[in-house]
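Student: Before we look at anything in detail, could you show me how to read a model feature by feature, giving the general idea and then the case at hand?

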Amino acid sequence: MEDVNKNSNLYHKIYEGGRITPEEALELFSWDIIELGNAGDMRRKLAFPGETVGFIIDRIINFTNICEAACAFCAFHARANLIEPYEVTMDDIYLKIEELMAAGGTQVMLQGGLHPDYTLNTYIDMVTSIKKRFPEIYLHSFSPSEIVHISRKSSVPIDDVVKALKSAGIDSTPGASDLLVERIRNKVSPKKTTVDEWREVMRALYRNDMMSSATMTYGMGETDEEKIAHLKVIRDIQDETGILQAFIPWSFSPAKTRMEDTLPATGIDYLKILAIARIFLDNITHIQAGWLTEGLKLAQVALTMGANDMGGVLMEEVVVKATGIKTKTNDKQLIHIIQNAGKIPVQRDSRYQAIKEYA
Ligand code: SF4
């Protein structure tokens, strides 16, 4: 790692709050990690002043693992032969939501495999039944890949799928982005959405007045240039739409996938990408620390290098767990981690509004 030249144009640009170019972002990979973290934290203060850190009590319901995409980087889908094929019944979904509400939870993420027999009506029926029973639950559900899958299966334009899901009761969608680089997508998930389709979903959400988020799954053999290319797709779509409430980087967990020979990304890789993302994505307010894949202790460090949110407690997440990751958490633990980092925990809702502050 190089000593940072504090007289350089790039250093001044960052500390003056300017927009950096992709080439400049690339240069940051060679910065000393502490200097980079300090710059990430400074930009966090510009985007999100104060010392509060949000978290949400939510539950992911992975309603089926039957998936016709069978991506190489996924250990969750049934054809990976680690989890028996399953489909959750509506009664099971109701029970899971009741448990969430009893724990003070406010948000459900419905996410599943790309089931070959599911059509628009399957999703509409699921959402309508949930909202009828639990009108107060916020549904942050269905990834861009699921929306494109529904569009293909039912021969309905993406815009109309989004419209129909919204009127059934979906409140917002997670922008599960993987890596928005065609070379990598062709290698690890050729049957999933293309980069252009991801953009198309984001534009459809914007036209239908719906919010989303963006993620990044890295460590799949991409170059640093490709990492920045991913961030550029996200920054551009945010300039165009303004619908991305948060950005969440995750490192890829190769164990148990068809890519298990890939060396896992390290803690330094994670902190670098987090801080660079905070600096480069000058138009996104919330950057979440990924405790699920990085562990609670590294996520805590991320709060000092650009992150301002711990995301959800994710009751019952199955997709990442399928790779053998065992990290779990709850609200008490997140409150402790945040306070121990010298910050103020705030339980928030899905729109990042405070529900309760733990001074
Ligand atoms: S990542 Fe998603 S689309 Fe790909 S195989 Fe897993 S469940 Fe299916």
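Tutor: What follows takes up a helix, a helix pair, some single residues, backbone angles and a ligand shell, and throughout we should keep in mind that this is a predicted model.

Student: Let us begin with helix α9, residues 195-207; what span should its 13 residues have?

Tutor: The general idea is to take a rise of 1.5 Å a residue and to compare the expected span with the distance between the end C-alpha atoms. Here the expectation for the 13 residues of α9 is 18 Å, and because the end C-alpha atoms are 19 Å apart, the two values agree.

Student: Which residues of α9 are buried, and what covers them?

Tutor: Burial is judged by relative accessible area, with buried meaning under 20%. In α9 the buried residues are Val195, Glu197, Trp198, Val201, Met202, Ala204 and Leu205. Their cover includes the helices α6 (144-154), α7 (158-168), α8 (182-188) and α10 (224-241), together with the strands β5 (212-218) and β6 (244-251).

Student: How should I describe the way α10 and α11 cross?

Tutor: One gives the approach of the axes, the angle, the handedness and then the residues that make the contact. The axes of α10 and α11, the latter being residues 267-280, come within 11 Å and cross at roughly 35°, and the crossing is right-handed. On the α10 side the contact is made by Lys227, Ile228, Leu231, Lys232 and Arg235, and on the α11 side by Ile273, Ile276, Ala277 and Phe280. By class, the residues of this contact comprise six nonpolar and three charged, with no polar ones.

Student: Staying with α11, is Ile279 buried or exposed, and which residues does it touch?

Tutor: Ile279, which lies in helix α11, counts as buried because its relative accessibility is 0%. Not counting residues up to four places away in sequence, Ile279 touches Ile14, Ile20, Leu28, Leu36, Ala39, Gly40 and Arg43.

Student: What do the same questions give for Ser151 and Ala78?

Tutor: Ser151 belongs to helix α6 and counts as buried because its relative accessibility is 14%; beyond the four neighbouring places in sequence, Ser151 touches Val156, Pro157, Ile158 and Val161. Ala78 is placed in the loop between β2 (58-61) and α4 (90-102), and its relative accessibility of 13% is why Ala78 counts as buried. With neighbours within four places left aside, Ala78 is in contact with Asn65, Ile83 and Pro85.

Student: Where should I look for a positive phi at a residue that is not a glycine?

Tutor: Most residues other than glycine have a negative phi, so an exception deserves a look. Asn81 has a positive phi of about 60° without being a glycine, and Asn81 is found in the loop between β2 and α4, where it is exposed with a relative accessible area of 68%. Asp209 likewise is not a glycine and has a positive phi of about 60°; Asp209 follows α9, in the loop between α9 and β5, and is exposed with a relative accessible area of 63%.

Student: Finally, which residues are around the ligand, and how do they divide?

Tutor: A shell is read by listing its members and then sorting them by class. Around the ligand are Cys67, Ala69, Ala70, Cys71, Cys74, Phe76, His77, Gly113, Leu114 and Lys192, and this shell divides into seven nonpolar, two polar and one charged.

Note on methods
Residues numbered from 1 in each chain as written. Predicted model: local features only at pLDDT ≥ 70, side-chain atom pairs only at ≥ 80, totals over all residues. Heavy atoms only, no water. Near = heavy atom within 4 Å. Nonpolar A, V, L, I, M, F, W, Y, C, P; charged D, E, K, R; others polar. Helix = DSSP H or I, 4+ residues; strand = E, 2+ residues; numbered from the N terminus. Expected span 1.5 Å × (residues − 1). Buried < 20%, exposed > 50% of the residue type's maximum accessible area, 1.4 Å probe, protein only. Contact = heavy atoms within 4.5 Å. Axes fitted to C-alpha atoms, helices over the stretch in contact; angles between N-to-C directions. Left-handed = near helix turned anticlockwise from the far one by under 90°.
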